[in-house]
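Biologist: Could we go through this model together? I would like to understand how its parts are arranged.

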Amino acid sequence: EDPGPSYGEKRKRLIALCTESARFYVEKLYSPEGKQGLSYLLGRGLSPGTLKHFGLGFAPDSWDSLIHAMTAKGFTKGEMLECGLVVQNKSGGVYDRFRNRVMFPIIDIQGRVIAFGGRVMDDSMPKYLNSSDTPVFQKSQNLFAMNFAKKSKGDFFLLAEGYMDVISMHQAGFSNAVASLGTALTEKHATLLKRYTDEVILTYDSDDAGVRAAL
């Protein structure tokens, strides 16, 4: 069925919201609030140029800093909820989903920010938190860094598990590296890869989960 023009407008709004949120997180990474996140990323060997290339950012340790920033730009809490940027509590209030985390924007093959992953800076769990599926993002259909890898001139793609693996490989010159978001590789991921290459080398972690995923 044709979802109608209102569906297209809604998607545009949600992608605009993700884009503005990504800008907010980048701004915070280079502010005093993001000092810990910036030092973590640089400590992992990433160059300032790589941070900018991937649009890495930081979510402050606050319950509502993103809510305030996006409300000021004219977005509603309902839209933030649809994008998975906020979580609703039992009483109906909302709070920022990503707090005290280094932020990795997930970009589709058209170059649009559609979701996020975040790595926490303390011992709270989960260590990595990803956006849930939304009207503009389906985990089973998107690969991290595919927007860059599709332009690579190599004959094969490298498929890794995580954001940091892929970013480090790109920095080392392997711009044909992508990540499935988690270890689950779907048929839709394979179909997307097949558009650009006939050969994929799995570089999953050598732990039990990685071995199972590779098999």
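Modeller: We shall discuss a sheet, some backbone angles and a surface patch.
This is a predicted model, in which local features need pLDDT of at least 70 and side-chain atom pairs count only at pLDDT 80 or more, while totals for chains, interfaces and linings use all residues. Residues are numbered from 1 along each chain as its sequence is written, and side-chain values use heavy atoms, with hydrogens and water left out.

Biologist: In what order do the 4 strands of the open sheet stand?
Modeller: The order is β7-β9-β8-β10, with mixed pairing. Strands (E, at least two residues) and helices (H or I, at least four) are DSSP runs numbered from the N terminus, and two strands pair if DSSP finds at least two bridges between them.

Biologist: Which strands are at the edges?
Modeller: They are β7 (143–144) and β10 (200–202); each has a single partner strand, so one side of each has no neighbour in the sheet.

Biologist: How many bridges join β7 to β9?
Modeller: There are 2, and these strands run antiparallel. Phenylalanine 144 has alanine 179 in β9 as its bridge partner.

Biologist: Which helix lies across β7, β8 and β9?
Modeller: That is α7 (residues 163–171), which runs at about 175 degrees to β9. Such angles run from 0 to 180 degrees between N-to-C directions, and the axes are lines fitted to C-alpha atoms, for helices over the stretch in contact; contact means heavy atoms within 4.5 Å.

Biologist: Let us change topic. What is notable about phi in alanine 145?
Modeller: Phi is near 75 degrees there, a positive value in a residue other than glycine. Most residues other than glycine have a negative phi. Alanine 145 sits in the loop between β7 and α6 (146–149).

Biologist: Is alanine 145 buried or exposed?
Modeller: Alanine 145 is buried, at 2% relative accessible area. Buried means under 20%, exposed over 50% and partly exposed in between, with a 1.4 Å probe and protein chains only.

Biologist: Where is the cis peptide bond?
Modeller: It joins methionine 125 and proline 126, with omega about -5 degrees. Proline 126 belongs to the loop between β5 (113–120) and β6 (128–130).

Biologist: Finally, how exposed is leucine 185?
Modeller: Leucine 185 is partly exposed, with a relative accessible area of 39%. This residue is in the loop between β9 (177–180) and α8 (187–194).
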